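Biologist: Please take a close look at one part of this model for me. I would like to hear about its interior.

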Amino acid sequence: MARAYGANASLLAAFESTYGSTPVDGYWQLPFVSTSLGSEQGLIANDLIGLGRDPSAPIRDVIKVEGDMVVPLDVQHIGLWLKALLGDPTSVGTGVLTHTFGSGKPSLPSLTLETGLPDIPAWFVASGAMVNSLQVGFARSGAANATVGLIAQGEVRRTATLDGTPSSRDLQRFNQFQGQILRNGQALGNVVSAQLTYSNNLERIETIRSDGKIDGADPTVASLTGNLEVRFADTTLIDAATNNTPLELNFGYAIDADHRLTFIAHEVYLPKPKLSISGPGGIQATFEWQAAKAAGVARMFTVELVNDVSSY
């Protein structure tokens, strides 16, 4: 009897022309680290009485297709996830292009995602998948990954893949040692770790349907939050928090000038943290920041991706 192994799993993705409509072609094979995306249907205890002490069969609840997917931050593939998170980019250049993704678009595209387990064989196809959130962590060492939060309309299990010859791109990952954090254009020192989370705060359209699926997932007021854990060496950030002075924070990775990824939070507000001394070691402070729309650029969040991909 065959057993499924993650080593043999595959992931295909294609943008949908209509929400929930599975494309027949145009699939890309994507790398991933892990996934919990899948459908689940709970059970509700039966409330009937008068038939004895033993309960009647439970009632099936609605279908939910949600989960997280951890994907690598890389030079080429990450652009697909950014398009799903923020919408179509503005791309300029020849040969080497700069793709600029901006927050605030009123509508967002949906995806069909196929997770394949060829050992069984079984291919799970989630249609109407939308990216609700993207979380990125920054550290001194290790691989650079992102956690993508997904909400889909439905999932079906197939006995064959949707596309036996999907398109593919070269994989070139960013690593944590290639990262940097800037405050108002200048390097921010003494940062031990950092994290940012952008969320579309999708609202599930839960209408009455015979199939138990949602009608859609609409973006509401977005949010951009994160944290900075810093060694206490000066009062720069403490002063900004005390005075409620907004900052621009840039979180970026760069292999070279032609292979870069930059997350820009245009207007960041810092809370004033409590400083605790727990021993003779160094003192650290954690700032749980929030971002807002900046009037100068008319948006809250921008992501710039530099590579040789012609378009997304």
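How many cavities of 30 Å³ or more does the structure hold?

Modeller: This is a predicted model, where local features need pLDDT of at least 70, side-chain atom pairs count only at pLDDT 80 or more, and totals for chains, interfaces and linings use all residues. Residues are numbered from 1 along each chain as its sequence is written, and side-chain values use heavy atoms, with hydrogens and water left out.

The structure holds one such cavity. A cavity is a set of points, on a 1 Å grid over the protein atoms alone, where a 1.4 Å probe fits but cannot get out; lining residues have an atom within 4 Å of a point. Its volume, the space filled by probe spheres set on grid points joined across faces, edges and corners, is about 30 Å³. The lining consists of Leu-30, Pro-31, Val-71, Pro-72, Asp-74, His-77, Ile-78 and Trp-81. Strand 5 (59-72) and helix 1 (78-86) each give two or more residues to it. Strands are DSSP runs of E, at least two residues; helices are runs of H or I, at least four.

Now take Trp-81, in helix 1. Trp-81 counts as buried because its relative accessibility is 3%, and the cut-off is under 20% relative accessible area with a 1.4 Å probe, protein chains only. Beyond residues up to four places away in sequence, Trp-81 touches nine listed partners, among them Leu-30, Met-69 and Val-71. Contact means heavy atoms within 4.5 Å.Trp-81 is also among the residues with the most contacts inside the largest nonpolar core, which has 62 residues. Such a core is a set of buried Ala, Val, Leu, Ile, Met, Phe, Trp, Tyr and Cys residues joined through side-chain atoms within 4.5 Å.

Key. On a 1 Å grid over the protein atoms alone, a cavity is a set of points where a 1.4 Å probe fits but cannot get out, and a pocket is an open set with protein on both sides within 12 Å along at least five of seven lines; lining residues have an atom within 4 Å of a point. Buried means under 20% relative accessible area, exposed over 50%, partly exposed in between (1.4 Å probe, protein chains only).
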